[in-house]
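Colleague: I'd like a close look at one part of this model, whichever you think repays it. Then walk me outwards from there to the rest.

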Amino acid sequence: MKMGDPEEAEEHGRRLILHNFLSFQECKELEFIHKSNCTVGYRPHVFSTTLSHLIATNSAHLIMPFVPIRERLKEKVEEFFGCHYELFVEFTGLISWSRGSSIGWHSDDNRPYLKQRDFAAVCYLNSYGNDFKGGLFHFQDGDPATIVPSGGDVVIYTADSRNIHSVDEITDGERLTLALWFSRDATYDEDAKLITLLSQNFLHDNAPELCLPLPASSNMYWFSPDQASSDQQLGFDICWARLHVLGYDLLFHQDKSYCSNMSELLMEPLRLTRGDELFEHEFINILHALQVVQFYCWKAPDFKSAKVEETTSVVFLSQSQRERFVCLKSLFAKDVRLVDSVFSNATFVESARHSFNWVDFTIAIAMWEDYARKLHRELVMSLPHWRTQQSIFNVSLDEK
């Protein structure tokens with residue numbers, strides 16, 4: 001699919017398919033946010049990133065890229081279903097489906113606690129065949145019977161029994177989506193809840209440290225093959241796992257192999273290693289390192305044409321340092337093969353590994369800091385307007 005193609009829309013009963021609704025860069029930015037912040041999800045082998053979670057983990061600025069997309073989607077839903085100014089965004093979340101995940105026939109309002117959901121919008125951030133296998137979306141009745149996910153496309157439909165649907169099992173890779181639900185009931189307005197959280201937790205200051213993430217409790221990041229069990233004798237930490245599949249290992253300044261408190265370990269300062277090399281830059285915690293690494297993956301194509309003189313500090317690992325991070329692996333993952341099975345998009349992983357160099361990575365750290373500060377400033381300037389209107393919307397900011 002060419003991203004420059006004109007938008008196409010097709011009506012099938014009470015559903016709408018929009019092609020190329022999100023740009024390639026919008027999809028990649030949301031992928032960066034998800035892969036650097038997600039927690040274990042609501043179903044086995046599913047991972048999620050909610051806006052409230054971003055606020056709670058000191059990454060509130062990362063809600064800014066969602067704002068114009070939410071507005072555009074809400075306008076499309078209201079226009080198509082003829083309910084202008086009647087709807088509220090009930091939930092916004094990034095959701096990824098890894099190998100083994102699926103969902104059978106259901107409607108999106110099929111539980112008593114979901115009856116407020118009137119409409120749904122699912123935006124695909126990557127594509128069937130290129131990024132994952134399996135994961136086709138099926139409607140039980142009407143046309144189209146099957147949706148083949150393609151990055152940038154969106155499917156909009158009523159959340160009731162008129163649009164019962166299912167998703168095939170993912171057999172390889174990771175299927176990424178942005179999902180929104182809309183309600184006519186103002187008591188379920190997500191905006192009001194988010195503005196309250198921002199008011200309670202957000203400090204109105206441009207200090208750089210406000211852009212540094214703080215991990216949540218470790219059970220939110222612990223993947224278990226049996227999701228009904230919280231047994232940490234099985235599974236792995238997904239923050240560590242996402243670093244591992246891209247070729248990184250962790251080294252703490254002090255020997256932490258004795259540490260049994262995973263939540264404490266996630267908060268410890270650390271450095272990154274690759275192969276025999278230790279990068280001497282210190283990260284404040286594992287989530288900080290993960291955000292920079294995923295930002296580097298997102299922006300790596302920009303470095304191909306960049307000619308920047310940059311120095312970096314890399315040393316060879318000592319034998320004792322090697323032994324330390326080998327011990328740490330057993331804390332973060334009880335089965336490394338399971339990590340490779342769950343995050344199994346070999347094409348992406350190999351590309352990310354082969355294109356790596358420490359000089360570009362050093363540049364990416366500075367770019368990530370600038371990116372975070374820019375979004376932080378936008379949030380600081382937008383929040384008073386959101387409070388006044390009790391609504392999250394795209395504020396036209398005077399940069400002068």
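Modeller: Let's take α4: its buried residues pack against α2 (51–56), α3 (66–81), β5 (88–98) and α11 (358–389), a contact being heavy atoms within 4.5 Å. Bear in mind that this is a predicted model, where local features need pLDDT of at least 70 and side-chain atom pairs pLDDT 80 or more, while totals for chains, interfaces and linings use all residues. Residues are numbered from 1 along each chain as its sequence is written, and side-chain values use heavy atoms, without hydrogens or water.

The helix itself covers residues 190–201, 12 in total, and spans 16 Å from first C-alpha to last, close to the 16 Å expected at 1.5 Å a residue (1.5 Å times one less than the residue count). Its buried residues are Glu190, Asp191, Leu194, Ile195 and Leu198, with buried meaning under 20% relative accessible area, exposed over 50%, and partly exposed in between (1.4 Å probe, protein chains only). Looking down the axis of α4, you find those buried residues within an arc of 125 degrees, so they line one face of the helix; the arc uses directions from the helix axis to the C-beta atoms. An α-helix has 3.6 residues a turn, so residues three or four places apart point the same way. At the start of α4, a side-chain oxygen of aspartate 189 comes to within 3.0 Å of the backbone nitrogen of aspartate 191.

Now set α1 beside it. Residues 24–35 make up this helix, 12 of them, reaching 16 Å end to end by C-alpha, close to the 16 Å expected. Here 9 of the 12 residues are buried, so α1 is largely enclosed by the rest of the structure. Glu26, Cys27, Glu29, Leu30, Glu31, Phe32, Ile33, His34 and Lys35 are the buried ones, charged side chains included.

Just ahead of α1, asparagine 20 sits in the loop from β2 (15–18). Its phi is near 60 degrees, positive in a residue other than glycine, and asparagine 20 is buried at 12% relative accessible area. Glutamine 390 also has a positive phi, about 50 degrees, without being a glycine. That residue is in the segment after α11, the helix mentioned at the top as packing against α4's buried residues, and glutamine 390 is partly exposed, at 38%. Backbone oddities also include the peptide bond from aspartate 143 to proline 144, which is cis with omega near -5 degrees; proline 144 lies in the loop between β9 (137–139) and β10 (146–147). Most residues other than glycine have a negative phi, and most peptide bonds are trans.

Back to Cys27 for the sulfurs. Taking a disulfide as two cysteine sulfur atoms within 2.5 Å, the count comes to 0. Cysteine 123 is in none, and the nearest cysteine sulfur, on cysteine 27, is 8.2 Å away. Cysteine 123 is buried, at 1% relative accessible area, and cysteine 297 counts as buried at 16%.

Zooming out, the protein has 11 helices and 19 strands (DSSP runs numbered from the N terminus: H or I of at least four residues, E of at least two). Of its 400 residues, 54% count as buried. Among contacts between residues at least 6 apart in sequence, 79% join residues at least 24 apart. The accessible surface comes to about 17800 Å², with 50% belonging to carbon and sulfur atoms (Shrake-Rupley, 1.4 Å probe).

How values were computed:
A polar contact is a pair of N or O atoms within 3.5 Å; within protein, one must be able to donate a hydrogen and the other to accept it, and residues adjacent in sequence count only if both atoms are side-chain atoms.
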